[in-house]
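Trainee: Before we turn to the details, may we go through the model strand by strand and helix by helix? I should like each reply to end on what I asked for.

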Amino acid sequence: YIQEFGWEGKFVFGMHQRNDMHIFSPMPLDAYEEIQNDNTAFLILGGSANHRKQAKDYGLKNVEFLDTTSDISLIHKFLNTLDVYAHGRSDGEQCSCAIIEAMSHGLPIISHSAPSMGQVEQIADAGKVVDNYEQYSNVMIDMLYDKKYYDKCASNSIKRYNQVYKLETVINKYIKIYKEVANIK
């Protein structure tokens with residue numbers, strides 16, 4: 001999508017989410033408003049009409065929306081466009097497929113606190129979970145300008161994916177459990 005939007009050389013934040021106003025969180029775009037410049041962009045796959053309204057009301061630069069899709073090739077194309085996965089959900093997560101997909105691409109992740117806080121454990125050292133949009137924007141700035149921090153989070157993201165969420169890893173964990181239960185050496 002970089003070429004389609006003319007975003008060559010831009011640092012792209014983004015997220016994907018189903019169209020559900022009940023899980024809408026303004027925090028990612030609130031934070032983006034604080035740090036946006038000519039070298040940044042924000043891409044949302046899906047999301048609610050509230051995201052579109054917020055972007056329009058704030059007059060945000062370089063924000064684009066893609067229609068919700070279940071086409072895995074388009075989801076991976078979307079994720080390959082991002083530099084940082086900017087997660088936001090008003091109710092939080094327990095085990096987010098969106099975060100796992102972002103990790104499979106080695107994307108650093110930013111999220112925020114919410115009533116259900118499973119994303120804290122899920123993200124761990126692959127990014128940061130913050131309490132407010134000021135902190136969120138500060139982490140965006142760190143990701144944008146501190147290459148060492150960005151690289152560390154990106155490396156931890158793919159490492160965490162491979163060690164915890166990758167299909168082969170999960171299958172091997174189940175095999176180990178079955179062998180222990182069946183007392184097979």
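Trainee: Which residues of β1 are buried on one side, and which on the other?

Mentor: This is a predicted model: local features need pLDDT of at least 70 and side-chain atom pairs count only at pLDDT 80 or more, while totals for chains, interfaces and linings use all residues. Residues are numbered from 1 along each chain as its sequence is written, and side-chain values use heavy atoms, without hydrogens or water. In a regular strand the side chains alternate between the two faces of the sheet. In β1, both faces are covered, with buried residues (under 20% relative accessible area, 1.4 Å probe, protein chains only) on one side being F11, F13, M15 and Q17, and on the other V12, G14 and H16.

Trainee: How many residues of β1 are buried?

Mentor: Helices (H or I, at least four residues) and strands (E, at least two) are DSSP runs numbered from the N terminus. Strand β1 spans 11-17. It is largely enclosed by the rest of the structure, because the buried residues number 7 of the 7.

Trainee: In what order do the 6 strands form the open sheet?

Mentor: Two strands pair if DSSP finds at least two bridges between them. The pairing here is parallel. The edge strands, each of which pairs on one side only, are β3 and β8 (127-130). The order is β3-β2-β1-β4-β6-β8.

Trainee: What does the twist average from one strand to the next?

Mentor: Axes are lines fitted to C-alpha atoms, for helices over the stretch in contact, and angles run from 0 to 180 degrees between N-to-C directions. From one strand to the next, the twist averages 20°.

Trainee: Which residue is the bridge partner of G14 in β2?

Mentor: β1 and β2 pair in the parallel sense over 7 bridges, whereas β1 and β4 do so over 2 bridges. On the β4 side, F13 has V84 as its bridge partner. In β2, the bridge partner of G14 is L43.

Trainee: Through which helix does the chain cross from β2 to β3?

Mentor: Strand β2 (residues 40-46) and strand β3 (residues 63-66) run parallel and are joined by 4 bridges, and L45 stands opposite L66. The crossover between them is a right-handed β-α-β unit; right-handed here means that, with the strands pointing away from the viewer, the path from the first strand over the helix to the second runs clockwise. The chain makes this passage through helix α3 (residues 49-58).

Trainee: What angle does the direction of α2 make with that of β2?

Mentor: Helix α2 (residues 27-35) is mostly covered, with 7 of its 9 residues buried, among them M27, L29 and Y32. It packs on the sheet by contact (heavy atoms within 4.5 Å) with β1, β2, β3, β4 and β6. The direction of α2 makes with that of β2 an angle of about 165°.

Trainee: Which residues does Y58 touch, not counting residues up to four places away in sequence?

Mentor: Y58 lies in helix α3 and counts as partly exposed (between 20% and 50%), because its relative accessible area is 34%. The C-alpha atoms of Y58 and L29, 29 residues apart along the chain, are separated by 9.0 Å. Beyond that sequence limit, Y58 touches L29, D30 and E33.

Trainee: What is the phi of N62?

Mentor: N62 is found in the loop between α3 and β3 and is partly exposed, at 24% relative accessibility. It is not a glycine, although its phi is positive, at about 55°.

Trainee: Which residues are the closest to the centre of the largest pocket?

Mentor: On a 1 Å grid over the protein atoms alone, a pocket is an open set of points for a 1.4 Å probe, with protein on both sides within 12 Å along at least five of seven lines, and lining residues have an atom within 4 Å of a point. The largest pocket holds about 290 Å³ of space, where grid points are joined across faces, edges and corners and the volume is the space filled by probe spheres set on them. At least two lining residues come from each of β1 and α5 (97-104). Of the 18 lining residues, the closest to the centre are H16, Q17, R18, R89 and A98.
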